[in-house]
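Work through the exercises below with the structure open. Try each task before reading its solution.

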Amino acid sequence: MATAIQAASQGAAVHPDHAQIIALLDAAPMRLPHYLAWALASGGTLIDGLSVFMLGMAIPLLAVGLGLSALQTGLLGAALVAGAIGGAAWGGRLADRYGRKSVFLIDMVILAVAAGFSALTWNAWGLIAAQFVVGVGIGMDFPVSGSYVAECMPHEKRSRMMVATIACQSVGLIVAALLSLALLHLVPEPSVWRWFFATEMLFALLFLLGRLNLPESPRWLIGQGRNREAVHMLERFVPSDRRQLERMASRLGDTVHFVARVPQSARPQGYGLLFHPAYLRSTLLSTVPWFLMDIATYGVGLFTAVLLAQMHVAGEGLALVPHVAALARGTGLIDVFLLLGFVIGLWAVAKFGRIRMQLIGFGGMAFGMAALWLSTVLAGGDAAHAGLVFFGFVVFNLFMNMGPNSTTYILPTELYPTQLRATGAGFAASVAKVGATLGVFALPLIKSSLGVPTVLAMMAGVSLLGLLSTWAFSMYGHGLTLEQHQTQTLPRRRPKAALLASPTGGGT
């Protein structure tokens, strides 16, 4: 697969031994070490879904247990998302400077401590602060998990494994629904919310222990000139001749593997490079659609809660604990369709490419929102059009996860070089969480003043803006390796040849 790759901006050939290391990584068959590394790397996205669901179930209980005011309830709901803004930006930068594994361990320590404090606190403000820190830990993990999986998985499996990583978000939601129902049954008291947060702590500790033996990314190591360590990590993924690898490491010494659209600099690659003309379009493509998708996602999340209450799925009129159990069952049922969307995305994103599926996904999201809006303005309201409501939810959730929710997570990891990959992914995730936070604060205000139909119409519009921004900033590289993304000029409109591309794991 690999010969020496030309660094486009430098005109200098990549060392043949570096090209061989990349070839071994990309062409390797999927083996147990790959699956174990993927499972451990996906822990943050799983805990993300788990923590969001557990917090949603805990809030009605906390209103009684800690006497939350309306302000405190709102801040608690926003703290988890707001913490991820700084966490994503910070974690991505740290991962590019100090390694993927280091940040993998740090963020799980942060998660475990903050979740443990959440379980033990008797103070509402302390809980808000703790959940903010939980958000920081989750945010840190997002760019690192994406970068690690992109760098370590075989080229032809990369797309599916990355979709599977973000799909663990929905797995976390469903696992949380089952665990919360079990805990509500075992501890039928308002104080059961402490066990919700304790469960998060347990998951973080388990992933922390598992990640202690996680191999560092060989791509990141050769990007730092740590070639001897890289070949040792390569042995964990690829069965190779150890003596040959040692000879390669000796020849390489501390030579840095650098393939990028800009000249190599002695200074570390920083945030400023994201806005360099060579990467500005990549940054716009990575951030703007993701920002818009998160606004729309939280818009539907808001309407989900309203709908559950209107259809009495949430057990209105029941005592507190049975009410929360009914809410967990109803929400968990809806979350199944989120997971189904990711399952479709495992096949569709690899076959049709990131950009194409992102366009299709945003279009489907807008259509689903339009169906929900229509159910609220027809005679009798949504209560009289349950079938249309169900259709709108299914369409939105399926298209969101088979499209933008998968592709926005993947794109930043493919559009930047190794030395900038996690920084770019972290910046994109941070901007997306700004959109999510805006949704948390603004949408309830819009709903209370203008009504649910206005919110749904606005979210349909936001989904269309996501489609338009994807089209405006699109770049196509279906089937390319991570390094080829840096050495080839990516067309801005889908080439006809892409229609004939065979299903592979790489490229936009």
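**Exercise 1. An acid and its partner**

Is D26 buried or exposed? Then find its charged partner and place both in the fold.

*Solution.*
Keep in mind that this is a predicted model.
- Step 1. Take the cut-off: buried means under 20% relative accessible area. D26 has a relative accessible area of 5%, so D26 is buried.
- Step 2. Look for the partner. The side chains of D26 and R219 form a salt bridge, with 3.0 Å from N to O.
- Step 3. Place the two residues. D26 sits in helix 1 (residues 16-27) and R219 in helix 9 (residues 218-223), so the salt bridge ties together parts that are 193 residues apart in sequence.
- Step 4. Check the partner's exposure. R219 has a relative accessible area of 1%, so R219 is buried.

**Exercise 2. Two further charge pairs**

Which residue forms a salt bridge with D141, and which with E414? Say where each pair lies.

*Solution.*
Side chains of opposite charge can pair when their charged atoms come close.
- Step 1. D141 pairs with R211; their closest N and O atoms are 2.8 Å apart.
- Step 2. This pair links distant parts of the chain: D141 is in helix 6 and R211 in helix 8 (residues 193-211), 70 residues apart.
- Step 3. Test burial. D141 has a relative accessible area of 0%, so D141 is buried. R211 also comes out as buried, at 0%.
- Step 4. Turn to E414. E414 forms a salt bridge with R354, and the closest N and O atoms are 2.6 Å apart.
- Step 5. E414 belongs to helix 16 (residues 404-415) and R354 to helix 14, so the pair ties together parts that are 60 residues apart in sequence. Both E414 and R354 are buried.
- Step 6. Now look for shared partners. Salt bridges that share partners join D96, R100, E151 and R421 into one network.
- Step 7. Count salt bridges across the structure: there are 14.

**Exercise 3. The surroundings of E151**

What does E151 touch, leaving out residues up to four places away in sequence?

*Solution.*
- Step 1. Locate E151: it is in helix 6.
- Step 2. Judge exposure. The relative accessible area of E151 is 0%, so E151 is buried.
- Step 3. List the contacts, without residues up to four places away in sequence. E151 touches L25, R100, S217, R219, W220, T418, R421 and L482.
- Step 4. Tie this to the charges. R100 and R421 are among these contacts, and both belong to the salt-bridge network with E151.
- Step 5. Take one long-range distance. The C-alpha atoms of E151 and T413 are 8.7 Å apart, although 262 residues separate the two along the chain.

**Exercise 4. The nonpolar interior**

Which residues touch the most other members of the largest nonpolar core?

*Solution.*
In soluble globular proteins, nonpolar side chains tend to be buried together.
- Step 1. The largest nonpolar core has 118 residues; L62, Y148, W193, F196, F197 and M369 touch the most other members.
- Step 2. Helix 6 (residues 124-152) gives the most to this core, with 13 residues.
- Step 3. Another core lies apart from it, with 9 residues, including L359, L411, M475 and L480.
- Step 4. Return to Y148. Among its contacts beyond four places in sequence are A37, F104, P215 and F237.

**Exercise 5. A nonpolar patch outside**

Which residues make the nonpolar surface patch of about 310 Å²?

*Solution.*
- Step 1. The patch is made by W373, L374, V377 and L378.
- Step 2. W373 lies in helix 14 (residues 354-377).
- Step 3. Its relative accessible area is 35%, so W373 is partly exposed.

**Exercise 6. Whole-protein tally**

How many helices and strands does the protein have, and how many disulfides?

*Solution.*
- Step 1. The secondary structure comes to 19 helices and 0 strands.
- Step 2. Of the 508 residues, 58% are buried.
- Step 3. Among contacts between residues at least 6 apart in sequence, 82% join residues at least 24 apart.
- Step 4. The protein exposes about 19000 Å², and carbon and sulfur atoms supply 69% of it.
- Step 5. There are 0 disulfides. C152, at 0% relative accessibility, counts as buried. C168 counts as buried at 9%.

Terms used:
Residues numbered from 1 in each chain as written. Predicted model: local features only at pLDDT ≥ 70, side-chain atom pairs only at ≥ 80, totals over all residues. Heavy atoms only, no water. Patch = residues over 30% accessible without salt bridge, like charges linked within 9 Å, V, L, I, M, F, W, Y side chains within 5 Å. Areas by Shrake-Rupley, 256 points an atom, 1.4 Å probe, with all protein chains shown as cover. Salt bridge = Lys/Arg side-chain N within 4 Å of Asp/Glu carboxyl O. Helix = DSSP H or I, 4+ residues; strand = E, 2+ residues; numbered from the N terminus. Buried < 20%, exposed > 50% of the residue type's maximum accessible area, 1.4 Å probe, protein only. Core = buried A, V, L, I, M, F, W, Y, C linked by side-chain atoms within 4.5 Å. Contact = heavy atoms within 4.5 Å. Disulfide = S-S within 2.5 Å.
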